[in-house]
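Trainee: I should like to learn how a sheet, its packing helices and its side-chain contacts are read from a model. May we take the features in turn?

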Amino acid sequence: HYNAGANVFAGERTDTRITRLLSYRPNLGSVLDTGLGYMGLQDPSSESFGQALLDCGDVEAGIVWIDGQGRVNFRSRLHSLNPGPILTLDCSQIQVGTDFDWRDDTQNWRDDITVSRPGGADQRYVNQSLETSDGYAQDTITLPIDTDANALNIAGWLVAIGSQEQNYPAVISTELLTEPSSSQILAALQTKPLDVLQAINLPSTMPSPVTCVIEGGGYQIGVDDLKLSWNCTPLPPVVGTWDSTTWDSAAAVWAP
């Protein structure tokens, strides 16, 4: 009771916070990674239960979602630290089609991020060279994160992974009924959000290989058709480890 009233359980690890939140209502099960982030002040009286869970994913720089069995799934940011492909689809083996809808993506392009947190100082990370060459792409977010240092880490991470405009296919699909390899089918069925998907040996008119991060997916079922499609976003640039000292220290500044 004291911890709930005095500090709203500040300092809990992200997966521990999710476990506690789930204990407050009927729990249909969960599949949780061990988090690498720690929660700060989070007042549950001011937001919905679902938003409180999503906050944990944002602080982690990971993801929270509900699967088809009603379970809460949580993937830590470890899956986004220089990931390798979980699944490779070879166009020459007819494992992936070529009817891609290519998209020029600028939605995550940011070179100046300020992170605010309850009870702490605003933390700002600026990539000055990008601002000079590409112009200002600024954003401010509020997160219930534990310390100013980790708020700066989050800001640096968001700038690092948002530093490139990328051309990529928004949807990648594979036809399961014609895939002869059972291990390839199983690997496709076991993919999850934040997994990395790669398409190789594409026609010479297309970029190849294409490497994307899975956001989600779905099935197209017909009489002679069982297609699995993934919604994708670009693979972030190589960003090193989760520590503000990894970023260019000269670019990290205190927000006024």
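Mentor: Let us begin with a pair of strands, bearing in mind that this model is predicted. Strand β11 (residues 196-200) and strand β12 (residues 210-222) run antiparallel and are joined by four bridges. Within this pairing, Val-196 has Val-213 of β12 opposite.

Trainee: In what order do the strands of the sheet containing β11 and β12 lie?

Mentor: The order is read from strand to paired strand. Here five strands form an open sheet, arranged β4-β11-β12-β13-β10, and the pairing is mixed. At the edges are β4 (87-90) and β10 (171-175), each of which pairs on one side only. From one strand to the next, the twist averages 40°.

Trainee: Which helix packs on this sheet, and which strands does that helix touch?

Mentor: Helix α6 (residues 182-189) packs there, in touch with β4, β12 and β13 (225-234). The direction of α6 makes about 125° with that of β4.

Trainee: Edge strand β10 contains Ser-173. Which side chain does Ser-173 meet in a polar contact?

Mentor: The side chain of Ser-229 is the partner, at 2.6 Å. Leaving aside residues up to four places away in sequence, Ser-173 touches Gln-95, Val-96, Gly-97, Lys-227, Leu-228, Ser-229 and Trp-230.

Trainee: How many strands form the open sheet that includes β1, and in what order?

Mentor: Three strands form that open sheet, in the order β1-β3-β2 with mixed pairing. Its edge strands, β1 (30-32) and β2 (63-66), each pair on one side only. The twist averages 10° from one strand to the next.

Trainee: Do β1 and β3 run parallel or antiparallel?

Mentor: They run parallel: three bridges join β1 to strand β3, which spans residues 72-75. One bridge partnership to inspect is that of Ser-30 with Val-72 in β3.

Trainee: How is helix α2 placed against these strands?

Mentor: For a helix, one reads both the strands in contact and the angle between directions. Helix α2 (residues 14-22) packs on the sheet and touches β1, β2 and β3, with its direction at about 170° to that of β3. Helix α3 (residues 49-60) lies across β2 and β3 and runs at about 10° to β3.

Trainee: Let us turn to the rings. How many aromatic pairs does a search of the whole structure find?

Mentor: The search finds one. It consists of Phe-100 and Trp-102, whose ring centres are 5.7 Å apart and whose planes stand at 75°, so the pair is edge-to-face. The reasoning rests on the angle, because planes over 60 degrees apart count as edge-to-face.

Trainee: Is Phe-100 buried or exposed, and how does Trp-102 count?

Mentor: Phe-100 counts as buried because its relative accessibility is 11%, and the cut-off for buried is under 20%. Trp-102, at 26% relative accessibility, counts as partly exposed.

Trainee: Which charged residue sits over the ring of Phe-9?

Mentor: That residue is Arg-20, whose charged end lies 3.8 Å from the centre of the Phe-9 ring.

Trainee: Finally, where is Tyr-125 placed, and is Tyr-125 buried or exposed?

Mentor: Tyr-125 belongs to strand β7 (residues 123-126). With a relative accessible area of 5%, Tyr-125 is buried. To relate sequence separation to distance in space, consider Tyr-125 and Leu-158: they are 33 residues apart along the chain, and their C-alpha atoms are separated by 9.0 Å.

Terms used. Residues numbered from 1 in each chain as written. Predicted model: local features only at pLDDT ≥ 70, side-chain atom pairs only at ≥ 80, totals over all residues. Heavy atoms only, no water. Phe/Tyr/Trp six-rings, centres within 6.5 Å; stacked < 30°, edge-to-face > 60°. Buried < 20%, exposed > 50% of the residue type's maximum accessible area, 1.4 Å probe, protein only. Lys NZ or Arg CZ within 6 Å of the ring centre and 35° of its normal. Pairing = 2+ DSSP bridges. Helix = DSSP H or I, 4+ residues; strand = E, 2+ residues; numbered from the N terminus. Axes fitted to C-alpha atoms, helices over the stretch in contact; angles between N-to-C directions. Contact = heavy atoms within 4.5 Å. Polar contact = N/O pair within 3.5 Å; in protein donor to acceptor, adjacent residues only side chain to side chain.
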